[in-house]
Structure formats: structure tokens, C-alpha cells
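Welcome, and thanks for opening your viewer. Load the model, turn on a cartoon view, and keep the selection tool handy for the stops below.

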Amino acid sequence: MSDVNQTFKVETEKGEIKDAELLNVISNNDKEYAVYSIDNGDETSNLYASRIVIDENGKTKLIDLEDNAEKVAIIEKIKEMLNK
């Protein structure tokens with residue numbers, strides 16, 4: 001997943017399948033995170049971050065961030081990325 005500007009499919013909380021665009025892959029505490037956007041269809045997009053994991057079959061998966069400390073750390077990394 002090291003190539004930036006990839007597109008991939010994600011399932012939303014509502015069960016919808018949407019196209020997502022990978023903006024960057026960042027690292028924090030020996031873990032990698034995908035930073036990506038999903039177009040809302042109204043000239044706006046939402047920005048997301050998920051932890052990248054490899055499942056038992058070797059397939060790359062994105063896992064929601066549930067730990068508050070992890071969320072805060074990744075938000076700070078994204079802010080740094082956007083301010084460069």
C-alpha cells in the first residue's frame with residue numbers, strides 16, 4: 001500500500017460501498033495508517049484514517065481506530081502532514 005493516489009472500495013457504517021482515494025500512509029508506534037478521502041458527491045469530501053493490518057490470508061485490511069489515544073496521535077500526524 002505504499003503507492004499514494006490509489007483508489008479502493010470501502011464499506012461505510014451504513015453498509016454503502018464507496019470509492020476512497022488514498023492520500024498518504026503514515027506511521028506511528030510501529031503501525032501504519034492509511035489517510036484517505038471519500039467524495040460526498042456535492043463537491044466536498046470527508047477525510048478518514050484507518051490502521052493497516054494484514055490478515056491471516058495476507059490480505060491488506062483497514063481497521064477503524066477505536067482507542068482515543070491512538071485517534072489523537074493520528075489526528076496530530078495528519079495535521080502535521082497538512083501543514084507541510
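How many salt bridges does the count come to? The count comes to three, and this tour visits each of them. Bear in mind along the way that you are looking at a predicted model.

**Stop 1: the whole chain**

Begin with everything in view. You should find one helix and five strands, and if you follow the sequence, the pattern is β-β-β-β-β-α. The C-alpha trace spans about 35 × 35 × 25 Å along its principal axes. A compact globule of 84 residues would have a radius of gyration near 12 Å, and the 13 Å of this chain agrees with that. Now switch on a surface: the chain exposes about 6,300 Å², with carbon and sulfur atoms supplying 42% of it. Of the 84 residues, 23% count as buried.

**Stop 2: Lys 9 and Asp 19**

Select Lys 9 and Asp 19 and show their side chains, which meet in a salt bridge at 2.5 Å, N to O. Lys 9 sits in strand β1 and Asp 19 in strand β2, so the pair links distant parts of the chain, 10 residues apart. Lys 9 is exposed, with a relative accessible area of 58%, while Asp 19 is partly exposed at 48%.

Between these two strands, pick Glu 13, which is in the loop between β1 (7-11) and β2 (17-28). Is Glu 13 buried or exposed? Its relative accessible area is 88%, so Glu 13 is exposed. If you would like to try the distance tool, go from the C-alpha of Glu 13 to that of Glu 66: the two are 14 Å apart in space and 53 residues apart in sequence.

**Stop 3: strand β4**

Next, highlight strand β4, residues 45-54, and click on Ser 50 within it. Ser 50 counts as buried because its relative accessibility is 2%, below the 20% cut-off. Which side chain makes a polar contact with the side chain of Ser 50? The partner is Tyr 36, at 2.9 Å. Leaving out residues up to four places away in sequence, Ser 50 also touches others, including Ala 34, Leu 62 and Asp 64.

Stay in strand β4 and move to Leu 47. With 41% relative accessibility, Leu 47 counts as partly exposed. Add Leu 23 and Leu 82 to the selection: together with Leu 47 they form a nonpolar patch on the surface, with about 260 Å² of accessible area.

**Stop 4: from the strand to the helix**

Now select Arg 51 and Glu 70, whose side chains meet in a salt bridge at 3.0 Å, N to O. Glu 70 lies in helix α1 (residues 68-82) and Arg 51 in strand β4, so this pair ties together parts that are 19 residues apart in sequence. Glu 70 is buried, with a relative accessible area of 10%.

**Stop 5: along the helix**

Finish in helix α1 with Lys 79 and Glu 76, which are three residues apart and so separated by about one helical turn. They form a salt bridge, with the closest N and O atoms 3.6 Å apart. Both residues count as partly exposed: Lys 79 at 44% relative accessibility and Glu 76 at 40%. Why can such pairs form? Side chains of opposite charge can pair when their charged atoms come close.

Methods. Residues numbered from 1 in each chain as written. Predicted model: local features only at pLDDT ≥ 70, side-chain atom pairs only at ≥ 80, totals over all residues. Heavy atoms only, no water. Helix = DSSP H or I, 4+ residues; strand = E, 2+ residues; numbered from the N terminus. Buried < 20%, exposed > 50% of the residue type's maximum accessible area, 1.4 Å probe, protein only. Polar contact = N/O pair within 3.5 Å; in protein donor to acceptor, adjacent residues only side chain to side chain. Contact = heavy atoms within 4.5 Å. Patch = residues over 30% accessible without salt bridge, like charges linked within 9 Å, V, L, I, M, F, W, Y side chains within 5 Å. Areas by Shrake-Rupley, 256 points an atom, 1.4 Å probe, with all protein chains shown as cover. Salt bridge = Lys/Arg side-chain N within 4 Å of Asp/Glu carboxyl O. Rg over C-alpha atoms; globule rule 2.2 N^0.38 Å.
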